[in-house]
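Got a structure to go through with me? Let's ask of each label how it was earned.

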Amino acid sequence: RKMVTDYGVRRDDVEGYSGIPRRTVFVIDGDGVIRWTWITSRESPQPDYDLVIEEARKVAGATKTGL
């Protein structure tokens, strides 16, 4: 639960779900820095998986080139 709170994805908006994380995708670089985040919403209950892969590739490429 500490990580859910630390990452800012803790649900406290619906009774019975307190402390449960929202559906979330983080792209984290090799140094442990969050480079991209997607958090569920009513408008977007599922991530665009192609976009997730694209963002992960960007981070992987930046890591390889030292950016």
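What follows is a set of questions and answers about the labels used for this structure.

Q: What kind of model is this, and which pLDDT limits apply?
A: This is a predicted model, where local features need pLDDT of at least 70, side-chain atom pairs count only at pLDDT 80 or more, and totals for chains, interfaces and linings use all residues. Residues are numbered from 1 along each chain as its sequence is written, and side-chain values use heavy atoms, with hydrogens and water left out.

Q: Why is Glu55 called buried?
A: Buried means under 20% relative accessible area, exposed means over 50%, and partly exposed is in between (1.4 Å probe, protein chains only). Glu55 has a relative accessible area of 14%, so it counts as buried.

Q: Where does Glu55 sit, and what does it touch?
A: Glu55 is in helix α2, residues 49-65; helices here are DSSP runs of H or I with at least four residues, strands are runs of E with at least two, and both are numbered from the N terminus. Leaving aside residues up to four places away in sequence, Glu55 touches Val27 and Trp36, where contact means heavy atoms within 4.5 Å.

Q: What makes the pairing of Glu55 and Lys58 a polar contact?
A: The side chains of Glu55 and Lys58 are joined at 3.2 Å. A polar contact is a pair of N or O atoms within 3.5 Å; within protein, one must be able to donate a hydrogen and the other to accept it, and residues adjacent in sequence count only if both atoms are side-chain atoms. So 3.2 Å fits the distance limit.

Q: How do you know that Lys2 and Asp6 form a salt bridge?
A: The rule asks for a side-chain nitrogen of Lys or Arg within 4 Å of a carboxyl oxygen of Asp or Glu. Lys2 and Asp6 meet at 2.9 Å, N to O, so the pair passes. By this rule the count comes to seven salt bridges.

Q: Why are Lys2 and Asp6 about one helical turn apart?
A: They are four residues apart in helix α1, which means a separation of about one helical turn. Both residues are exposed, and Asp6 has a relative accessible area of 52%.

Q: What makes Arg11 and Asp13 a salt bridge, and which network are they in?
A: Their closest N and O atoms are 3.0 Å apart, so the 4 Å limit is met. Arg11, Asp13 and Arg22 are linked in a network of salt bridges. The side chains of Arg22 and Asp13 also share a polar contact of 3.2 Å.

Q: Why do Asp13 and Arg22 count as partly exposed?
A: Asp13 comes in at 47% relative accessibility and Arg22 at 28%. Both values fall between 20% and 50%, so the label is partly exposed.

Q: Where is Arg22, and which residues does it touch?
A: Arg22 is in the loop between α1 and β1. Not counting residues up to four places away in sequence, Arg22 touches Val9, Arg11, Asp13, Ile39 and Thr40.

Q: Why is Asp29 called buried, and what does its side chain meet?
A: Asp29 has 11% relative accessibility, so it counts as buried. Its side chain meets that of Arg35 in a salt bridge at 2.8 Å, N to O.

Q: How do you know that β1 and β2 pair?
A: Two strands pair if DSSP finds at least two bridges between them. Five bridges join β1 (residues 24-28) to β2 (residues 34-39), so they pair, and the strands run antiparallel. Val25 has Trp38 as its bridge partner in β2, while Thr24 has Ile39. The two strands form a hairpin with five residues between them, and Gly32 in the turn has a positive phi of about 85 degrees.

Q: What makes Met3 exposed, and which patch is it part of?
A: Met3 has a relative accessible area of 56%, so it counts as exposed. Met3, Tyr7, Ile28 and Ile34 form a nonpolar surface patch with about 360 Å² of accessible area together. Patches are made of residues with over 30% relative accessible area and no salt bridge, like charges being joined within 9 Å and nonpolar side chains (Val, Leu, Ile, Met, Phe, Trp, Tyr) within 5 Å. The areas come from the Shrake-Rupley method with a 1.4 Å probe; for residues, only the protein chains shown count as cover.
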